[in-house]
Amino acid sequence: MGSSRLATYAADEVTITIIHKKLGLSHTLSGFSTDSKVTIERATDTWEHQTGVDDTTTRVYSANRSSKITLHLSQGSSSNDVLTALHEYDVRRKDSSGIFAIQVKDNSGRTTFFSPEAYIGVPPTATFNQSLTNRDWVIQCTRGSTYLGGNGPVDAEDVAVMQTLGFAIDPKWI
């Protein structure tokens with residue numbers, strides 16, 4: 001039958017944290033735009049579908065786990081200052097010491113993303129006009145680990161399917 005109970009999502013429960021272990025820095029971003037907080041995109045498909053002229057098909061696996069995270073910050077967010085400083089720190093050194101880890105977690109659900117190696121390729125375009133604008137920061141990530149989960153209770157049937165596939169559901173969701 002599947003899980004069919006009411007689920008709850010709360011955008012304010014999604015946290016994005018930058019961790020720079022060498023510097024002892026941890027910053028949870030705040031001050032997001034009014035309509036969007038974060039977008040996570042894989043750089044490549046896991047499987048590429050290739051069909052020959054004789055209609056035989058092979059799927060080709062890519063181990064590339066690179067991703068691009070776009071952070072949609074409000075112009076007035078102090079996290080813009082932190083990201084600018086982090087980018088400039090990286091530019092001044094040019095020795096990989098500016099690389100940081102990043103985590104995105106939906107605390108009202110089960111979705112998580114983590115990359116142990118991330119960097120800011122270029123600061124966002126700045127627009128100034130009569131109203132508040134966004135600063136869309138693009139974070140390049142390597143070796144990303146993504147779990148896209150739901151936001152509601154999971155019934156026994158779905159738990160059994162997940163266990164068969166080698167995944168465990170935190171008991172608080174059962």
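Ser-33 lies in the loop that runs between β2 (25-28) and β3 (38-42), in what is a predicted model. With a relative accessible area of 12%, Ser-33 is buried, because the value falls under the 20% that sets the limit for that class. Within this setting the side chain of Ser-33 forms a polar contact of 3.1 Å with the side chain of Asp-35. Once residues up to four places away in sequence are set aside, Ser-33 touches His-72, Leu-73, Ser-74 and Asn-134, and the buried state of Ser-33 can be read alongside these contacts.

Two other loops call for attention on account of their backbone angles. Most residues other than glycine have a negative phi, and it is against this background that the next two positions may be considered.

In the loop between β4 (47-51) and β5 (57-61) sits Asp-55, a residue other than glycine whose phi is nevertheless positive, near 70°. Asp-55 counts as exposed, since its relative accessibility is 63% and the class begins over 50%.

Further along the chain, the loop between α1 (79-93) and β7 (100-106) contains Lys-94, which is not a glycine either and has a positive phi of about 50°. Lys-94 has a relative accessibility of 71% and therefore also counts as exposed, the cut-off again being over 50%.

Taken together, the loop residue Ser-33 is buried, whereas Asp-55 is exposed, as is Lys-94.

Note on methods:
Residues are numbered from 1 along each chain as its sequence is written. This is a predicted model: local features need pLDDT of at least 70, side-chain atom pairs count only at pLDDT 80 or more; totals for chains, interfaces and linings use all residues. Side-chain values use heavy atoms; hydrogens and water are left out. Helices (H or I, at least four residues) and strands (E, at least two) are DSSP runs, numbered from the N terminus. Buried means under 20% relative accessible area, exposed over 50%, partly exposed in between (1.4 Å probe, protein chains only). A polar contact is a pair of N or O atoms within 3.5 Å; within protein, one must be able to donate a hydrogen and the other to accept it, and residues adjacent in sequence count only if both atoms are side-chain atoms. Contact means heavy atoms within 4.5 Å.
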